Amino acid sequence: MQHFLSTADWSQDQLDGLLKLASDLKQDPIQDRLRGKSIALLFLNPSMRTRTSFDLGMQQLGGIAIVLQPGKDAWGVEFDAGTVMEGDAEEHIAEVAGVLSRYCDLIGLRAFPLFRDWSIDREDRVIRALAKHASVPVINMETIVHPCQELALMMTLKERFGEVKNRKFVLTWTWHPRPLNTAVANSALLIATKFGMDVTLLCPEEAYRLDSQFETAATQFAGQSGGAFNVTHDIEEAYSGADMVYAKSWGALPFYGRPEEEWALRRNYRHFMVDEEKMAMTNNGRFSHCLPLRRNVKATDAVMDADYCVALDEAENRLHVQKAVMLNLLGM
Ligand code: CP
């Protein structure tokens, strides 16, 4: 049984198959192929796009989605093994996964890291515990990676560029007043290098480098795909000649769990916000962001409203790629 936990576990051919199916579904969205099937969607964190697109996508294929928010409208869940459950959680993931596997054909989970200890969060234990105990396929709806967002990004890139190999893809850190999850940034590196793009990670200083497991994977994937991966702190060098600028803000991992200390660094980098002046340095480049996005904080109004901004295309493509993932995992 295959899960969809990280694209790192899937070959480029498999991912291409998902993207081809997603394109077909975009042309012919209402089908009956999942009639009688169901997915449980567990959200430990807020969502607008992910919740809407999974729920609607399942309905468009004839199936049913059940949304649960453990700790709010469902019992709180303990994910660690061997714990004496004297805290707030009323049940263990072993039973939650077992019961939902009896009811449903798929389980999706959103579980952001806890922002206390990166050495623990980097192991992605919560979704791995769910996958261990479930007897149906599990879909990652964002943990320390966001593979559905990755697929939507790659679908959008292929729609705009056709062949993406050796196109210059810039993943830029951008300003935000507080440290955010690295998931989308990690995922952008994985997918762009896997598809042979020439990837530049632009971040303000070494403290904002991404976890070594993702930078190492990016180097390995670039080597296998004929792409490239490099890191710079120089804005002009990064933007010059870029075909695609992908923005995300994230927290500095050496200061993980200590946002007050990180602020001493962060406050110096408001100028990383994406604006027209920077986009003018690109090769008629496109811009995107996973959303949600604070306007005039992460990117200016002018950038968000420009023809080259494809963020809404990427958000729409979430719907199509997730339907493809559900069909694939169920062998339909
Ligand atoms: N991009 C994304 O996952 O959006 P939501 O957090 O609204 O689901």
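**Two domains and a ligand between them**

Let me begin with the two domains, whose centres, taken over C-alpha atoms, are separated by 25 Å. The contact between them, meaning heavy atoms within 4.5 Å, takes 29 residues from domain 1 and 32 residues from domain 2. Domain 1 covers 7–145 + 318–329 and domain 2 covers 149–314, with bounds that come from an automatic or database domain assignment.

Before going on, I should say that this is a predicted model, in which local features need pLDDT of at least 70 and side-chain atom pairs count only at pLDDT 80 or more, while totals for chains, interfaces and linings use all residues. Residues are numbered from 1 along each chain as its sequence is written, and side-chain values use heavy atoms, with hydrogens and water left out.

Now to the ligand. Both domain 1 and domain 2 give residues to the shell around the ligand, so the ligand lies between them. The residues around the ligand, each with a heavy atom within 4 Å of it, include Ser-47, Thr-50, Arg-110, His-146, Gln-149 and Arg-318.

Which atoms of the ligand come into polar contact, that is, pairs of N or O atoms within 3.5 Å? An oxygen atom of the ligand lies 2.7 Å from a backbone N or O atom of Met-48, and an oxygen atom of the ligand is 2.9 Å from an N or O atom in the side chain of Arg-49. A nitrogen atom of the ligand is 3.2 Å from a polar backbone atom of Cys-290. Of the 250 Å² of accessible area that the ligand has on its own, the protein covers 93%, as computed by the Shrake-Rupley method with a 1.4 Å probe.

Methods
Polar contact = N/O pair within 3.5 Å; in protein donor to acceptor, adjacent residues only side chain to side chain.
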